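Here's a quick briefing to read with the structure open beside you. Have a look first, then come back for the notes.

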Amino acid sequence: MEKKWFIDIIIAIVIGLVATSCQTYSLKSGDLLFHVVSQGNAITDVTPGMIDHVAIVMSRDSVIEAVGKGVKMTPIDSLRQQDGHYLVGRVKGIDSKQSIANAKHYFGRPYDRLYLPNNDAIYCSELVQLSFVDKHGKRLFSPIPMSFHDTTGRITDYWRQFYAKHQLEVPEGEPGTNPGELSQRTNVKLKGRLR
């Protein structure tokens, strides 16, 4: 009897380990992957949480994201090689097929390093905001006022210098989005870590 109990425990442990290692394969098309950094940076200094990037799950193997080389498809395995970790966010009310088609429409667009509205370049959370729709074609994420200020309300030196170098005003309050704020929307449920 003790031997069977021992074998049952071993089997339960193995099943638990397999389920944990296969968590990636339960991803759904249209899920969001939020990159949580281990140390703060210029983005996390002015936005909620420690999230500095978001990618859209296209399939169990790949994501669509706006990064340094523009809007492109990336293998999910390459995300695991980055510092920090990714949280899986499931979006309520999404028409995933149409939303993925919308995101693919932006393939090849340049990355928007200036985070400005109404230009041809796109940054990561802007790609989500522009692409995600419900079954009626209505956008799921409305823009919010952009934030380049710290908790005291002061625009940080980094962003002042960054925009001054480009001879631009800091677009504080302009319509936009950011990955940390997207992760906190009521229609996004965080499911756990990508493994």
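The notes below cover the sheet, the helix across it and two residues. Keep in mind that this is a predicted model. An open sheet of 6 strands, with antiparallel pairing, sets the scene, and His-35 sits in one of its strands, β1.

**The sheet**
- Reading across the sheet, the strand order is β4-β3-β2-β1-β5-β8.
- The edges are β4 (70-75) and β8 (188-193); each has a single partner strand, so one side of each is left without a neighbour in the sheet.
- On average, neighbouring strands here are turned by 35 degrees against each other, direction ignored.
- Strands β2 (residues 51-57) and β3 (residues 62-67) run antiparallel and are joined by 2 bridges.
- Ile-56 stands opposite Ile-64 in β3.

**The helix across it**
- Helix α4 (residues 124-131) lies across β1 (32-36), β2, β3 and β4.
- Relative to β2, helix α4 runs at about 40 degrees.

**His-35**
- His-35 counts as buried because its relative accessibility is 8%, and buried means under 20%.
- Its side chain makes a polar contact with the side chain of Asp-52, at 2.8 Å.
- A polar atom of the His-35 side chain also lies 2.6 Å from the backbone oxygen of Asp-83.
- Beyond its neighbours within four places in sequence, His-35 is in contact with several residues, including Met-50, His-53, Gln-82 and Tyr-86.

**Ser-26**
- You'll find Ser-26 in the loop between α1 (2-21) and β1.
- At 47% relative accessibility, Ser-26 counts as partly exposed.
- Ser-26 and Arg-60 are 34 residues apart along the chain, with their C-alpha atoms separated by 7.7 Å.

Definitions and conventions:
Residues numbered from 1 in each chain as written. Predicted model: local features only at pLDDT ≥ 70, side-chain atom pairs only at ≥ 80, totals over all residues. Heavy atoms only, no water. Pairing = 2+ DSSP bridges. Helix = DSSP H or I, 4+ residues; strand = E, 2+ residues; numbered from the N terminus. Axes fitted to C-alpha atoms, helices over the stretch in contact; angles between N-to-C directions. Contact = heavy atoms within 4.5 Å. Buried < 20%, exposed > 50% of the residue type's maximum accessible area, 1.4 Å probe, protein only. Polar contact = N/O pair within 3.5 Å; in protein donor to acceptor, adjacent residues only side chain to side chain.
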